[in-house]
Amino acid sequence: MFIRRLKILNTVTDTIIRDVPFHLGANFVVDLEDSSKHNKVGKTTFLKLIDVALGAKERSHIYTDLETNSSVQKLDDFISDNKVAIELYVGDEIEKPNKSHILYVELFKSGKYEIDGKRYTQPEYRNELNSIFFHNDKTPTFRQLIGSFVRISLAGDNDTFLRNLTRASYSAYRGVYNYLFNISDPTID
């Protein structure tokens with residue numbers, strides 16, 4: 001599956017705040033602002049939005065700095081006041097997909113999760129993502145598998161990307177890699 005488009009929506013006024021199309025190849029998230037300081041413009045928040053659309057547990061991480069445990073109250077208020085939601089368009093092809101889905105998440109507290117207009121609880125949403133992306137209805141879970149495809153640290157090339165699950169047992173890793181490489185049945189592992 002490819003990410004085809006991300007829309008940020010104001011559901012109070014029914015307007016699009018931002019519409020970001022993706023294309024085949026490298027897609028860069030850059031600051032176009034003409035300043036020497038290229039911080040606090042939303043690049044990390046943009047990546048957090050994708051993570052939330054892909055089933056991250058805590059929507060509040062969008063406006064919370066986990067290192068300092070501080071909240072960006074202005075962003076939290078904006079999300080709540082405007083009932084901000086995101087739509088992530090994914091498909092098996094970028095240009096003309098045969099299979100495509102719209103992942104919809106309301107970012108405010110108690111907001112809903114939908115896939116293709118059907119409402120899900122968060123656990124159901126994550127299970128459905130597992131089915132959509134990996135054609136898998138059992139273990140390993142979507143969030144366990146996705147880390148195997150997304151590089152978390154750019155600090156260097158070493159084997160840490162193989163251990164991408166926090167606090168996971170060897171059997172969980174074994175199940176993930178057995179599933180990914182079709183070594184054996186993960187449900188038996």
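A residue is taken as buried when its relative accessible area is under 20%. By this criterion, 35% of the 189 residues in the protein are buried. The structure is a predicted model. About 12500 Å² of the protein is exposed, and carbon and sulfur atoms supply 52% of that area.

The protein contains five helices and eight strands. Their order along the sequence is β-β-α-β-β-α-β-β-β-β-α-α-α. Among contacts in the protein with a separation of 6 or more, 48% are between residues 24 or more positions apart.

Six of the strands form an open sheet in the order β2-β1-β5-β6-β7-β8, with antiparallel pairing. The edges of this sheet are β2 (15-21) and β8 (118-120), each of which pairs on one side only. On average, neighbouring strands of the sheet are turned by 20 degrees against each other, direction ignored.

Within the sheet, β1 is joined to β5 by eight bridges in the antiparallel sense, and F2 has G91 in β5 as its bridge partner. The antiparallel pairing of β1 with β2 comprises six bridges; here N10 is partnered by T15 in β2. These two strands, β1 and β2, make a hairpin with four residues between them. D14 is located in the loop that links β1 and β2, and its phi is near 55 degrees, a positive value in a residue other than glycine. The relative accessible area of D14 is 70%, so this residue is classed as exposed.

Further along the sheet, β6 and β7 run antiparallel and are joined by three bridges. L103 stands opposite I115 in β7. The loop between β6 and β7 holds S110, another residue other than glycine with a positive phi, in this case near 65 degrees. S110 counts as exposed because its relative accessibility is 68%, a value over the 50% cut-off.

Helix α3 packs on the sheet and touches β5, β6, β7 and β8; the direction of α3 makes about 25 degrees with that of β7. This helix has 13 residues and spans 18 Å from its first C-alpha to its last, close to the 18 Å expected at 1.5 Å a residue. Its buried residues are Q122, Y125, R126, L129, N130, I132, F133 and F134. An α-helix has 3.6 residues a turn, so residues three or four places apart point the same way. Just after α3, H135 adopts a positive phi of about 50 degrees.

In soluble globular proteins, nonpolar side chains tend to be buried together. The largest nonpolar core of the model has 29 residues, of which L6, I86, L88, L103, L107, Y125 and F133 touch the most other members. Two or more residues of this core come from each of β1 (2-10), α1 (43-53), β5 (84-91), β6 (100-106), β7 (113-115) and α3 (122-134). Among the core residues that touch the most other members, L103 is also the residue opposite I115 in β7, while Y125 and F133 are among the buried residues of α3. The core thus draws on strands β5, β6 and β7 and on helix α3, and this helix also touches those three strands where it packs on the sheet.

How values were computed
Residues numbered from 1 in each chain as written. Predicted model: local features only at pLDDT ≥ 70, side-chain atom pairs only at ≥ 80, totals over all residues. Heavy atoms only, no water. Core = buried A, V, L, I, M, F, W, Y, C linked by side-chain atoms within 4.5 Å. Buried < 20%, exposed > 50% of the residue type's maximum accessible area, 1.4 Å probe, protein only. Contact = heavy atoms within 4.5 Å. Areas by Shrake-Rupley, 256 points an atom, 1.4 Å probe, with all protein chains shown as cover. Pairing = 2+ DSSP bridges. Axes fitted to C-alpha atoms, helices over the stretch in contact; angles between N-to-C directions. Expected span 1.5 Å × (residues − 1).
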